[in-house]
Amino acid sequence: MKKIINQSDYKENRWSGGITRELLILPQGSSLSERNFDIRISSAVINLTKSVFSDFTNYKRYILPVEGSITLYIDNKEYPLNRDVPFEFDGSESVCSQNSVNAVDFNVICRKDLNVNVAVLSKGKNNKQNATFIFALEDIVINNMKVNKYNSIILDEPYQFEGKAIVVENLLKG
């Protein structure tokens, strides 16, 4: 199975700090507000220069800036985020951020018992058939198919790609 998800297909919601786009939530039919999901992948445009993160007890989070700059503050420690290295933290931690205006993030929230791998790669290959989500940071070619910048693809088959992307592997429990 492979499915391309175009930007126009992302579920968009307004929040106090800007706009969030839900790229994927599993299992299908689960809800962010009910906290009954296993994994949620999103990207937000942050209009505020300061924001406070919601509590996601029993979840772990990965975040990185896609555009602009984001610095997290956890327990009075400063963590400037890097566009090439996802930052992992516990969803129950009290977190606030300092952001450039209209910064864009990429955010993965998953149950703590999931062994999810999140990485930024310039090319990638996987010979296994595990559920993988790939978010194109530029136009990429995956298994001889073009995926445009900021579009995504879900695969459960071996893949090979060229171009910069965020790869989220092991989406499903097991």
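Trainee: In which strand does L64 lie?
Mentor: This is a predicted model, so keep that in mind throughout. L64 touches V104, D105 and F106, among others. As for its own place, L64 lies in strand β6.

Trainee: Is L64 buried or exposed?
Mentor: Buried means under 20% relative accessible area. L64 comes in below that cut-off, so L64 counts as buried, with a relative accessibility of 1%.

Trainee: How far apart are the C-alpha atoms of L64 and D105?
Mentor: Along the chain, 41 residues separate L64 and D105. The two residues are also in contact. Their C-alpha atoms are separated by 5.6 Å.

Trainee: L64 also touches V120. In which strand is V120?
Mentor: The contacts of V120 include L64, R83, L137 and A165. A165 is 45 residues away along the chain, with a C-alpha separation of 5.7 Å. V120 itself is in strand β12.

Trainee: What is the relative accessible area of V120, and is the residue buried or exposed?
Mentor: The cut-off for buried is under 20%. V120 meets it, so the residue is buried, with a relative accessible area of 15%.

Trainee: Which domains does the assignment give for the protein chain?
Mentor: The C-alpha centres of the two domains lie 21 Å apart. Their contact takes 15 residues from domain 1 and 13 residues from domain 2. The assignment gives domain 1 (10-111) and domain 2 (117-169).

Trainee: Why does the largest nonpolar core lie between the domains?
Mentor: Nonpolar side chains tend to be buried together in soluble globular proteins. The largest core here has 28 residues. It lies between the domains because residues come from both domain 1 (10-111) and domain 2 (117-169).

Trainee: Which element gives the largest share of this core?
Mentor: Elements giving two or more residues to the core include β3 (18-26), β4 (39-46), β12 (117-126) and β17 (159-169). The largest share is four residues. That share comes from β11.

Trainee: Which residues touch the most other members of the largest core?
Mentor: Take I39 as an example. Beyond four places in sequence, I39 touches residues including L24, V108, V168 and L171. The members that touch the most others are I39, I41, F106, F133, F135, V168 and L171.

Trainee: How many residues are in the second, separate core?
Mentor: Its members include I46, I74, F87 and V95. The core has twelve residues.

Trainee: Now the pockets. Which residues lie nearest the centre of the largest pocket?
Mentor: This pocket has a volume of about 540 Å³. Its lining has 26 residues. By class, ten are nonpolar, nine polar and seven charged. Nearest the centre are W15, T20, L32, R40 and S54.

Trainee: Which elements give two or more residues to that lining?
Mentor: Each of these is a strand given by number. The lining of the largest pocket takes two or more residues from β2 (11-15), β3, β4, β5 (50-52), β6 and β11.

Trainee: Which element gives the most to the lining of the second largest pocket?
Mentor: That pocket has a volume of about 390 Å³. It is lined by 18 residues, with K3, I5, L24, Q28 and I154 nearest the centre. Two elements, β1 (2-5) and β3, give two or more residues. The most, five residues, comes from β3.

Trainee: How does the lining of the second largest pocket divide by class?
Mentor: Domain 1 (10-111) and domain 2 (117-169) each supply at least three residues to this lining. The division is twelve nonpolar, one polar and five charged.

Trainee: Which peptide bond is cis?
Mentor: Look at the loop between β3 and β4, where P27 is found. Omega is near -5°. The cis bond runs from L26 to P27.

Trainee: Is N76 buried or exposed?
Mentor: N76 sits in the loop between β7 (70-74) and β8 (77-80). Its phi is positive, near 60°, though N76 is not a glycine. Exposed means over 50%. At 82% relative accessible area, N76 is therefore exposed.

Trainee: What is the relative accessible area of N102?
Mentor: N102 lies in the loop between β10 (95-99) and β11. Phi is about 65°, again positive in a residue that is not a glycine. N102 is partly exposed, with a relative accessible area of 42%.

Terms used:
Residues numbered from 1 in each chain as written. Predicted model: local features only at pLDDT ≥ 70, side-chain atom pairs only at ≥ 80, totals over all residues. Heavy atoms only, no water. Core = buried A, V, L, I, M, F, W, Y, C linked by side-chain atoms within 4.5 Å. Buried < 20%, exposed > 50% of the residue type's maximum accessible area, 1.4 Å probe, protein only. Domains from an automatic or database assignment. Contact = heavy atoms within 4.5 Å. 1 Å grid on protein atoms, 1.4 Å probe; cavity = no way out; pocket = protein on both sides within 12 Å on 5 of 7 lines; lining within 4 Å. Points joined across faces, edges and corners; volume = space filled by probe spheres on them. Nonpolar A, V, L, I, M, F, W, Y, C, P; charged D, E, K, R; others polar.
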